[in-house]
Amino acid sequence: MLLEMEKITKSYGNVTANSDVCFTLRKGEIHALVGENGAGKTTLMRILYGMESPTSGEIRLDGKGVSFASPADAIAHKIGMVHQHFMLFPTFTIAENIVIGREPSKGIGFDRQAAAATVEQLGKQFGMPVDPRKKVADCSLGLQQRVEILKVLHQGAEIIILDEPTGVLTPLEVGELLVAIKGLAAQGKSFILISHKLQEIMEIADRITVLRDGKVTGTVEAKDTDAEELSRLMVGRELIQLSRKAAGTGKPVLEADNVTINGARTKPLLGGVSLQVNEGEIVGIAGISGNGQSELIQAISGLMKIDGGSVKLLGQDVTGATVKTIRERGLAHIPEDRYQWGVAKDATVMENGLMGHAGKHQRYGVLSGPGIRSMVGEWVSRFGIKTGSLSTKAQYLSGGNLQKLIVARELAQKTPFLIAAEPTRGVDVGAMEIIHGELLKKRDEGGAILLVSSELTEILKLSDRILVMFEGRIVGELAADHATEEQISLLMAGGKAVG
Amino acid sequence: MDKRVSFIRSLLQPLLAVIVGLAAGAVAIAVVGGSVLETYAEMWKGAFGSFYFFTNTLSRATPIILIGLGVALAFRAGFFNMGSEGQMVLGALSAAITALYLPGPAWLKLVAALVAGIISGGIWSAFAGWLDAKYRMNLLITTLLLNYIATLFAGYIVSYPLKDRTGSAAMAQTMMIDKSVWLPKLFKGMSLHGGFLIAAVCAILLFLFMRYTLKGYEIRMLGGNPLFASYGGVQRGKMMLLSMFASGGFAGLAGSIEVLGTQYRYLDGALTTPGYAWSGIMATLLAGSHPLGTAVAAILLAALQTGGMGMERNTEVPLEVSSIIQAVLILFVSAKITYSFIKRRKARS
Amino acid sequence: MDQLFDVSLFASTLRLVTPILLAALGGALCARVGLFNVGLEGLVLIGAFSAIVGNHFTGNVLSAVLFAILCSLLFSVLFGYMSIHLRANVIVVGIALNFLALGLTTFSLRAIFDVKGAYYNKDMVGLPKWDIPLLKDIPWLGDVLSGHSPLVYLSILIVILLQLFLFKTVTGFRLLAAGENATAAKSLGIKVTRIQYGAVLMCGVLCGLAGAQLSLGNVTMFTEGMTSGRGFIALVATMLGQSNPLGVAASSLLFGFMDALSIRLQGFALPTHFTMMLPYVVTIAAMLFFKDKGYMQEARKANESSR
């Protein structure tokens, strides 16, 4: 056995991220590690890569016990990791990004010529050609992924950890990546693949280990299992089927017409996006992140100035209006990144809850303490937000609880229109069910919701209509009842809709 | 229970800082060959030893409090306003000019002079805010550089066009303001004047404003996370101009009160040499931008300075020991920020 | 005008640019590893004062400069410890250090020399003036470029060395990497903390040299707060030069020239107040052309989702 991790336990205070996890890897094997968000996959791999040290347990390489104090130790033992968020230097060239840490040198000088030659050769050897002199900032995400893998290979890795490698790739790029991985495995490299996309895993993995709540719920040979068994092992119970009423055909609430935002380069960030959201309807925007969704949200909510087109809310023109005005006219907004946009970390739960509601709770500019307290207190009990008190600082709340607070705050606006951007990113299954339920409830009560999500399953589950964005444009519209994952994937990659 | 513990903790920190500061001062005193106890006794006497010295300390604290409040407001909104000195100087100059040349009854002149001080300090400060909002020029640096321009400009005004040519001394100063326009003294024969009351009221008002009003809330959120604030509908540019204006207004008020209550004219260097502006910034840092805390810290710093003067009168130890103590206090402030960081990290894991 | 733009104006530009340039290079190094060093002013002040102290006690210019370097170095260790190790807010630490430097020098001036405000001693030896052979014989150019203190020439050398270091060596490459994406650099086993300390210490050395040039090169005395904002002007030079040594040198040259011009203009019938304003006005005007990162980016960085 090439790698054995035995009885790995990792706890943070009273939270246990991994408990008695056993994991093995054979040479030349592709071993997938699957589980829900927060199941402990990433923690386990961070331990293997020397970024965390286990509370207890043992790691053996070729039968010999090892312990890694830092990633450098892991790299020295021929373990490499490609992180979910790429660890690249955008202003550096591809060659520089690949050789960093073990640069070819002439004396104290950095031999960039040799670096470029090495990288070119490396790319050829492993069937992943690259242009070594290109800046990484100018590369597509698929190419950046390739750079990451070449970097790990250049470090001499025999064991390669890939953390959610396909999350940001187009289906075409995913295909290329899977082929590349198989090729490398055939050359004797071993892979650990963290993913929650069961289809890909069934396609490529030799063995699969499932984690749930920090524990191993099963290790199976891929040929002996199927997606149903895996999802049962992952979730541990049947998911509640959400009941959906048919969408009503209400009046238009949001009308965006030909919204354009010019980019710094030739390509526009938003190239004439038109869309409409009606009463009692959830419109889902699918797309690989970075294809203009953030800009669209910011354009509609007034956070970004638009260069062309118009936005109407309830029939009134709000193009170029301030965020405040648009909110007053009837927009609420669950932001895509809760830490960047959604909260002030040093402020209390109550203060964070007050944002956007302050106008209602003041008289002559003085805020009313008891009113705010009862409002936020009610959300805390209704959504089951776990917090010490209303005066606890937001930074002490877990991601899921913080997200519930934000969702509660925005739903409580009771506005006719809601933008829900990545409403369940990084939250546990329980919180996800609550949030999905609340969104559907709002829709059933006649609310209009624009749902932006990079999770296809979420889009398919909640939307009545689906729009697909690619490179700042809407490239397709599908009715949710007839849409399939394949159709949407194709559109997301810039292909044409068929059928 | 939880609250009480954290309250005591928040007191403990500054107290510890003061102790360490005094210890560093003791080392400095010993280095120059003074007796530590005797020196500190003289220092205490110089600051609080008698009613006269006490009021003297409070009167020195007055501009420091006001400046500190202004800086605290800006810091809370997330803006590093380092331009208090220039804002104070321009405020003082405008106040002096208004009090000297505006026709009308004395009370009107007094009020107009105070208002003029606030407005000119505020505009100078808001100018830096505008440069940041419009041209993205780093506020910290522009405010610092604008200090030099403001003091040189004021120096020019009182050296040439508005120079007092009546007296025999060739000082760069304006004429003396008529006695009827002076801020009244609070006690006969003492230096403490009505300005201290204004400063105290300002501290309480700012505290209430930040804590209980809508605008105060918006300012705090803006300082906490500007993206969150703008997402919630707070307009950063507008708030920046507003809070920078208010911040500079406090500094301008400090300058005008100093002119109308102590100097009775604008004298070049009279406001910059004692370092009021920098003491004000230090007070803010010490108190973590809390308005009431800033006022207390300002009195503490003023006491260090008046105490230092008393010490210098009666011992061989130089006044500058005070600046050592101040500097160490400030270092502790950074450590305080660090302390809360470590606390946060512990809580997370 | 002939009178204004003469040889001595350009010669004094070179002299006056040196402290700004050295400090700005230090600032650039710090900026390259992601630390915005507002404490340059204080570091230079410490350097200026300790150079005088070293000179006073040893009577030797070289050891005076070394002493200045040592003191600024100690001070920068403090900056590094607080901002890197304890991760305190860099700007607050910088401001605090400026206060500390001012307080310490004021006190020590009194404690060591028993004077207030300024210390001057006619027996004190300043930095020597080097006449460069061959160069000094070239008309005009020789008068401008020759006859300066060794630190002036050293600063030019440092610009070139730093440029080569950053863009041609492995260590420089890693320094750039640490500044560009510290998390990524750490994940590759690059010792980011060590690199940051290195940059901060180097900044201390450069500021020590800047201080020595200020108090022993341009004049031979120390006045309280004699940096009078040069540290901050250097910071602007760092920003304008985009933390590239050559760029920093170019922008420092502009500010040094303004400094020289401001002194020069005092000989003319203009009120000194306005001539003295010149460097500050020009610095602010120059900032118009440099867009700060903007609060959006800052805030994004400060509130990254991966906590």
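**View 1. Strand β10 of chain A and its enclosure.** In this predicted model, strand β10 (residues 190–195) of chain A has six of its six residues buried, so β10(A) is largely enclosed by the rest of the structure; buried means under 20% relative accessible area (1.4 Å probe, protein chains only), and strands are DSSP runs of E of at least two residues, numbered from the N terminus. In a regular strand the side chains alternate between the two faces of the sheet. Ser190(A), Ile192(A) and Ile194(A) point one way from β10(A), while Phe191(A), Leu193(A) and Ser195(A) point the other way.

**View 2. The strands that pair with β10 of chain A.** Strand β3 (residues 30–34) of chain A runs parallel to β10(A) and is joined to it by five bridges, pairing being assigned if DSSP finds at least two bridges between two strands. Leu33(A) has Ile194(A) as its bridge partner in β10(A). Strand β9 (residues 159–163) of chain A is also parallel to β10(A), again with five bridges, and here Ile159(A) is partnered by Ser190(A).

**View 3. Two annotated spans of chain B.** The unreviewed UniProt entry annotates as "transmembrane region" several spans of chain B, including residues 57–75 and 240–260, although such annotations may be inferred rather than shown by experiment. Residues 57–75 of chain B are 100% helix and 0% strand, with end C-alpha atoms 26 Å apart, and residues 240–260 of chain B are likewise 100% helix and 0% strand, with end C-alpha atoms 30 Å apart; helices are DSSP runs of H or I of at least four residues.

Residues are numbered from 1 along each chain as its sequence is written, and chains are lettered from A in the order in which they are written. Local features need pLDDT of at least 70, and side-chain values use heavy atoms, with hydrogens and water left out.

Note on methods: Predicted model: local features only at pLDDT ≥ 70, side-chain atom pairs only at ≥ 80, totals over all residues. Buried < 20%, exposed > 50% of the residue type's maximum accessible area, 1.4 Å probe, protein only.
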